[in-house]
Amino acid sequence: MSNQSGVLYVVATPIGNLEDITGRARRLLAEVDLIAAEDTRHSRKLLQHLGVDTPMCAYHDHNEHAAATGIVKKIMQGGDVALISDAGTPLIHDPGYELVKQAHQLGIKVVPVPGASAVITALSVSGLPTDRFVFEGFLPEKQMARRRRLQDLARQSRTLVFYEAPHRILSFMQDSVAAFGADRRACLARELSKYYETVRNDTLAKLCQCLHSEQIPCKGEFVIVVQGNTKVQGPEEQEAVRILKILLQAGPLKQAAALTAEITGLKKNELYKLALDLKEK
Ligand code: SAM
């Protein structure tokens with residue numbers, strides 16, 4: 001890296017309430033040479049609100065590779081660049097991965113400027129365990145694929161966090177009831193930090209009903225936090241876990257699941273999912 005090289009700042013912006021911009025983010029956005037924004041028109045409103053007139057360039061999913069190359073070139077020549085997305089923390093279900101990756105490859109200093117992100121904001125008020133969680137982001141749009149993913153997550157003991165679009169929120173919740181059971185607790189976090197902010201912790205069935213009756217409107221932005229699987233395992237499953245743990249130390253996951261199925265008589269695909277969960281723990 002040359003001594004002249006600049007810095008890439010990854011700057012979080014508000015997820016709704018503009019007061020949530022940090023003092024450091026505001027200062028850096030004014031000081032850098034260039035702001036790489038997911039949508040320059042969208043971000044111009046934020047920058048106008050902040051009284052910042054730093055030049056911007058577009059950095060989004062469709063030009064990620066080429067734009068990243070141009071931006072790192074500018075940084076290598078000594079320019080400081082701030083990466084922002086439309087809302088919240090860049091790269092958290094937003095563009096930026098290619099840019100940060102290329103910056104690291106070239107030895108450019110990458111500095112986080114932390115702030116809001118919907119996943120952490122929702123978790124913090126969900127009333128569900130936060131010590132261990134899995135961020136699943138958006139599930140596939142196609143219903144079959146989405147149902148399969150939810151089914152695969154049914155045994156997961158960690159708290160699950162999802163993003164979902166308003167037009168799919170009801171079917172997402174209905175599919176969650178089918179996969180996780182009506183009594184599983186969850187939290188719907190809607191329009192966080194905005195005027196119509198709603199945070200409701202209840203069973204999946206009750207939350208589904210609230211959406212269906214429009215007590216909670218299917219409008220705006222949603223984060224869904226679902227409690228992990230807390231069901232106590234029966235003796236058969238406990239034995240299968242014991243065997244799986246031993247076999248996972250000795251060989252590949254698929255083989256461990258197949259051998260455990262032979263020993264216990266339990267279903268191979270169920271044991272495969274169980275083995276995946278054990279590996280992740
Ligand atoms: N980078 C953002 C972050 O750090 O959270 C996420 C961007 S992602 C493209 C947009 C999704 O995040 C929305 O569809 C919604 O699921 C969630 N989200 C963003 N802002 C939100 C808010 N104020 N309230 C609830 N969910 C929000």
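## A tour from the domains to the ligand

Start by selecting domain 1 and domain 3: their centres, taken over C-alpha atoms, are 45 Å apart. This is a predicted model, so keep that in mind as you go.

Next, colour the protein by domain. The assignment gives domain 1 as 7-116, domain 2 as 119-226 and domain 3 as 235-280.

Now select the ligand. Which domains give residues to the shell around the ligand? Both domain 1 (7-116) and domain 2 (119-226) do, so the ligand lies between them. The space that the ligand takes is the largest pocket. To see the elements that give two or more residues to this shell, select β7 (159-164) and β10 (222-226).

Show the surrounding residues as sticks. There are 19 of them, and the closest are D94, S117, A118, Y163 and F222. Try colouring the shell by residue type: you will find 10 nonpolar, 4 polar and 5 charged residues.

Zoom in for three stops at the ligand's polar atoms:

- **S117:** an N or O atom in the side chain of S117 is 2.7 Å from a ligand oxygen.
- **A87:** here a polar backbone atom lies 3.0 Å from a nitrogen atom of the ligand.
- **F222:** a polar backbone atom of F222 is 2.6 Å from an oxygen atom of the ligand.

Finally, switch on the surface. How much of the ligand's accessible area does the protein cover? On its own the ligand has 570 Å² of accessible area, and the protein covers 90% of that.

How values were computed: Residues are numbered from 1 along each chain as its sequence is written. This is a predicted model: local features need pLDDT of at least 70, side-chain atom pairs count only at pLDDT 80 or more; totals for chains, interfaces and linings use all residues. Side-chain values use heavy atoms; hydrogens and water are left out. A residue is near a molecule or strand if one of its heavy atoms lies within 4 Å of it. A polar contact is a pair of N or O atoms within 3.5 Å; within protein, one must be able to donate a hydrogen and the other to accept it, and residues adjacent in sequence count only if both atoms are side-chain atoms. Accessible areas come from the Shrake-Rupley method with a 1.4 Å probe; for residues, only the protein chains shown count as cover. On a 1 Å grid over the protein atoms alone, a cavity is a set of points where a 1.4 Å probe fits but cannot get out, and a pocket is an open set with protein on both sides within 12 Å along at least five of seven lines; lining residues have an atom within 4 Å of a point. A molecule sits in a cavity or pocket if more than half of its atoms lie within 2 Å of its grid points. Helices (H or I, at least four residues) and strands (E, at least two) are DSSP runs, numbered from the N terminus. Ala, Val, Leu, Ile, Met, Phe, Trp, Tyr, Cys and Pro count as nonpolar, Asp, Glu, Lys and Arg as charged, and the others, Gly among them, as polar. Domain bounds come from an automatic or database domain assignment.
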